[in-house]
Amino acid sequence: TPSITLEAGKVHTITLTVNRKDTKTIDLSTLTDTREINDNGTYYVTGTGQYGIRVTNGKPNIYLEDAQISVSSGNAIDITSGNPTIHVKGNDNEVSSSDGAGIYVAGSSTVTITGRSRDDALTTRGGNGGSGIGGNHATCGNIEISNMTVHAHGSDEKGDFLSAGIGGSGNNGCGTITIDNATISAYGASDGAAGNMSSPGIGGGLDGNNKGTYSTITIKNNSQVSVQRGSNRSDYIGSGGSTMNPANSPNGIDATVDETSTITPLN
């Protein structure tokens with residue numbers, strides 16, 4: 001440890017960097033397989049890589065700082081058990097999958113995604129029926145987003161298995177979705193130009209004519225939410241729908257929205 005000599009009459013600036021013993025850094029560029037997290041530790045995730053993160057237990061704190069995860073199969077961040085908090089730092093964070101969810105949340109789990117301010121941003125993209133945040137061909141758990149900006153994209157599989165940008169996948173269930181003091185852009189999916197089948201930006205998915213279920217959706221504390229549904233067969237926020245089984249929520253919004261928050265349809 002270097003010694004520091006202080007001189008009278010001068011201002012000295014001393015910067016201390018302190019890391020807890022249980023803090024671990026994950027450089028995505030060095031991964032050769034999915035990295036598993038199964039404890040209550042603190043993890044800093046940086047860099048760009050083609051392998052993701054899997055949470056199998058515990059309540060870890062995972063910090064994404066200008067991190068880019070892009071996987072060709074499976075979920076980019078795969079929460080199979082446990083209740084992690086994902087802290088977003090910086091405005092260049094993206095987690096995406098060509099064949100899965102951007103962030104998958106198992107039915108027994110709750111994910112909390114939060115930032116320091118709305119300058120902290122995360123883009124999530126699902127593929128082949130996976131949600132941006134939520135489900136992937138299975139029931140998904142609870143999603144809590146606060147104090148940040150999120151761009152979430154759902155997807156379709158073979159034109160009739162659709163997921164929400166934030167929420168369910170296919171006709172599977174989804175837990176509670178809470179958006180608190182956040183800016184959100186969420187995009188559903190459709191079966192193509194015909195638009196006969198559609199998923200919402202936020203809410204439940206669709207499998208053919210069978211709608212997925214979801215619990216309560218709450219938007220509060222000056223949140224600004226922009227939503228694009230796949231087509232007018234579904235809600236913007238709420239239920240998926242098809243020609244045979246369309247959604248029918250008033251104004252396409254099935255959520256509890258407080259008076260300080262705004263919802264903007266994009267199509």
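Accessible areas here come from the Shrake-Rupley method with a 1.4 Å probe. On that basis, the accessible surface of the protein comes to about 11,900 Å², and carbon and sulfur atoms hold 42% of that surface. Please keep in mind that this is a predicted model. The protein contains 31 strands and 0 helices, so let's start with how some of those strands are arranged, after a quick look at the general rule.

**Sheet architecture**
- Strands of a sheet pair through backbone hydrogen bonds, in either a parallel or an antiparallel way.
- An open sheet is formed by 8 strands, with parallel pairing, and its order reads β4-β7-β10-β13-β16-β21-β27-β31.
- At the edges of this sheet sit β4 (48-49) and β31 (262-265), each of which pairs on one side only.
- Inside that order, β21 (residues 183-187) and β27 (residues 224-228) run parallel and are joined by 5 bridges.
- One residue pair to look up in the viewer is Ala186 with its bridge partner in β27, Val227.

**Overall dimensions and packing**
- The radius of gyration is 20 Å, which agrees with the value near 18 Å for a compact globule of 267 residues.
- Along the principal axes, the C-alpha atoms fill a box of roughly 80 × 45 × 30 Å.
- Of the 267 residues, 51% are buried, where buried means under 20% relative accessible area.
- Among contacts with a separation of 6 or more, 68% are between residues 24 or more positions apart.

**Charges**
- The protein carries 25 negative and 16 positive side chains.
- The centres of these two sets of charges lie 5 Å apart.

Terms used. Residues numbered from 1 in each chain as written. Predicted model: local features only at pLDDT ≥ 70, side-chain atom pairs only at ≥ 80, totals over all residues. Heavy atoms only, no water. Pairing = 2+ DSSP bridges. Helix = DSSP H or I, 4+ residues; strand = E, 2+ residues; numbered from the N terminus. Rg over C-alpha atoms; globule rule 2.2 N^0.38 Å. Buried < 20%, exposed > 50% of the residue type's maximum accessible area, 1.4 Å probe, protein only. Contact = heavy atoms within 4.5 Å. Lys, Arg positive; Asp, Glu negative; His and termini not counted. Charge placed at Lys NZ, Arg CZ, Asp CG, Glu CD.
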